[in-house]
Amino acid sequence: MSAATRRLTTAQALVRFLSAQYTERDGVRRRLIAGTWGIFGHGNVAGVGQALVEYAAVMPYHQGRNEQSMVHAAVGYARQLNRLSAQAVTTSIGPGATNLVTGAALATINRLPVLLLPGDYFASHAPDPLLQQLEHPVEADVSVNDTLRPVSRYFDRITRPEALIPSALQAMRVLADPAETGAVTLALPQDVQAEAYDWPEEFFAERVWYVRRPAPDPVELTAAVEAIRSAQRPLIVAGGGIHHSEAEQALKAFVDATGIPVASTQAGKGSLRYDHPADLGGIGHTGTAVSDELARTADLVIGVGTRYTDFTTASGTLFQNPDVRFLNLNITGFDAHKLAARTLVCDARSGLERLLEGLAGHRVGTAYEAEYRTGKERWDEVVEAAYRAGDESAVPTQTQVLGALDAAVGDDDVVINAAGSLPGDLHKLWRSRSPRQYHLEYGYSCMGYEIPAGIGVQQAAPGTPVWALVGDGTYLMMPTEIVTAVQEGLPVNIVLLQNHGYASIGGLSEETGGERFGTAYRFRAADGTFTGAPLPVDLAANAASLGMDVLRAKTVRELREALAAARSSDRPTCVYVETDPAPTAPPAEAWWDVPVAETASREAAVEARERYDRRVAGRRRHL
């Protein structure tokens, strides 16, 4: 080997390359790929697996139990660190690879970086067809990994060793790009993984990827300032881009100076501390009354780092002022142009700071400020009522569980959730005290996300109490990473709420004429319906069997004691509580479009369609 090259296998070269990649923003440097999750089988055990052994000193390895959940853990890790550090996930070929698809979709939809390294079939086609190979009759180069193409921000199949060099560099560029990031897939044929090549030493040199803070265009900035100065009832919609940019202090300074109120998406909640007088809480279908009331009358909606999903816009029915206009500050032009908005394509922190300079001396009217502050005070009373437990010896409701948790956590604890009825209750009621306390994955709303994401957050923030809130439906989807938490000694806390079924979808089914069919965890009755007794399933015993400490709480008082004990424990702990199924959360303040059968014979569906037709008539297209 010459002095200018190093002879390694392709897999060894990749792992060595990854260990030398860094991001830097605002003078802070982090490892871009801080570790690798893996489950080994044929297709990666002799390639990437051997390479991880070879370079164990520079590339930490984490053993997972399910490929999808490994991606969720990596996503939780990246989100906690504001996308400045990520993790890789390696799998075998076949089902190991296709199990990545859901996690990849979640990462890309939420704009969160994760590197996927699935094994692939032999590039040489020498042993075709091999175990787990999909044989396509007319496209011989297709493999099951092609299912990852539509859910990846960058995809390549490395069919020769030297092809890794440009592809690995492109992969790092996308992972570190604040506008383009998401899942990145490098499919690795197993024979190429093990093939040796003389690699240029420069490939392994330390490389820093600077995470940009693009400033706003002067013309766009001038127009944006004028739009804000002209507005009488402006409203900020804070999205996840605030957190990704670490723009929370810039937002606070902007709001303190201008008095413009802030409503938050699921991803943006916590952009302002809950007790700031201008923080109105969630917006949209799961929003607060004060946020949605102001949204209906706003004449200028200032979206900062938001994608405007249907939950935020109430499926196009929320922003009803006939003169409403939109100003979108976003690092991607794709999102900035939504709703026919004026655009400010830039980094969230940079944009807010420049806007504040241009708005020097400007503030909303005192009447408007008094209006939203009064609305906030009324909503605070609603939250207190939902959290309050009059009888400490009673079975807690779901909102009382949140109230007990609110009393137990510290300012920097992280609360994680993704699916079911909890996201709506949390968006309306949770009182976020720090930027990363509220961790809701609601871009993909993926059941099973919470427990592995808790592991990723715990890895990213050692010593921080982490709470994964899961219902029984979500728990049954993916409890296996409990074993990983035990193995790695990560004191993740699970709050497991048992209500014997899919509560959220049950309610939606009833609203849309489905009569809660197929949403309860109960024995099948003689007439074919699932209305019998609850199933004799003990989820707390299951969590204990996987290695967790389990605390059972039957009353509000026992729940408070269990939460306090879990928070002080240095072991993975599950607080298990059966909840009173009676709904106690405030009802939805805005609509969500789920189409209802246009014709049906059952009365429930006919009535649901009548309600649907009245609601859909209020939809607007903002042009």
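Which handedness does the β-α-β unit made by β8, helix α6 and β9 have? In this predicted model, the unit formed by β8, helix α6 (residues 164–176) and β9 is right-handed. Its two strands are partners in a sheet, since strand β8 (residues 154–157) pairs with β9 in the parallel sense over 4 bridges. Within that pairing, Phe-155 has Thr-185 of β9 as its bridge partner.

Strand β9 (residues 183–189) also pairs with strand β7 (residues 114–120), again in the parallel sense, over 5 bridges. Here Thr-185 is the bridge partner of Leu-116. The strand is mostly covered, with 7 of its 7 residues buried. Ala-183, Thr-185, Ala-187 and Pro-189 point one way from β9, while Val-184, Leu-186 and Leu-188 point the other way.

Strand β2 (residues 21–25) contains an acidic residue, Glu-24. Is Glu-24 buried or exposed? Its relative accessibility is 16%, and because burial requires a value under 20%, Glu-24 counts as buried. Apart from neighbours within four places in sequence, Glu-24 is in contact with Arg-29, Val-208, Trp-209, Tyr-210 and Val-211.

Further along the chain, 6 strands form an open sheet with parallel pairing, in the order β14-β13-β12-β15-β16-β17. The edges are occupied by β14 (279–282) and β17 (342–345); each has a single partner strand, so one side of each is left without a neighbour in the sheet. From one strand to the next, the twist averages 20°. At one of these edges, β17 is joined to strand β16 (residues 325–330) by 4 bridges, the two running parallel, and Leu-329 stands opposite Leu-344 in β17. Helix α14 (residues 348–358) lies across β15 (300–304), β16 and β17, and runs at about 125° to β16.

Helix α14 also takes part in covering helix α10. In α10 (residues 248–258), the buried residues are Glu-248, Ala-250, Leu-251, Phe-254, Val-255 and Thr-258. Why do they lie on the same side of α10? They cover an arc of only 160° around the axis, which puts them on the same side of the helix. Besides α14, the elements that cover them include α8 (218–230), β12 (234–238), α9 (240–244) and β13 (262–264). Just after α10, Gly-259 takes a positive phi of about 75°.

One buried residue of α10, Phe-254, leads into the nonpolar interior. Not counting residues up to four places away in sequence, Phe-254 touches Ile-228, Ile-236, Gly-259, Ile-260, Leu-352, Leu-355, Leu-356 and Leu-359. The largest nonpolar core has 78 residues, and those touching the most other members are Ile-228, Ile-236, Phe-254, Leu-352, Leu-355, Trp-467 and Leu-469. Helix α15 (residues 366–387) supplies the largest share of this core, 6 residues. A second, separate core holds 34 residues, including Val-48, Met-59, Leu-117 and Ala-171.

Another parallel pairing joins strand β22 (residues 549–553) to strand β23 (residues 573–578) through 5 bridges. In this pair, Val-550 stands opposite Cys-574 in β23. The chain passes from β22 through helix α23 (residues 556–568) to β23, and this β-α-β crossover is right-handed.

How values were computed:
Residues numbered from 1 in each chain as written. Predicted model: local features only at pLDDT ≥ 70, side-chain atom pairs only at ≥ 80, totals over all residues. Heavy atoms only, no water. Pairing = 2+ DSSP bridges. Axes fitted to C-alpha atoms, helices over the stretch in contact; angles between N-to-C directions. Contact = heavy atoms within 4.5 Å. Buried < 20%, exposed > 50% of the residue type's maximum accessible area, 1.4 Å probe, protein only. Arc of directions from axis to C-beta. Right-handed = clockwise from strand over helix to strand, strands pointing away. Core = buried A, V, L, I, M, F, W, Y, C linked by side-chain atoms within 4.5 Å.
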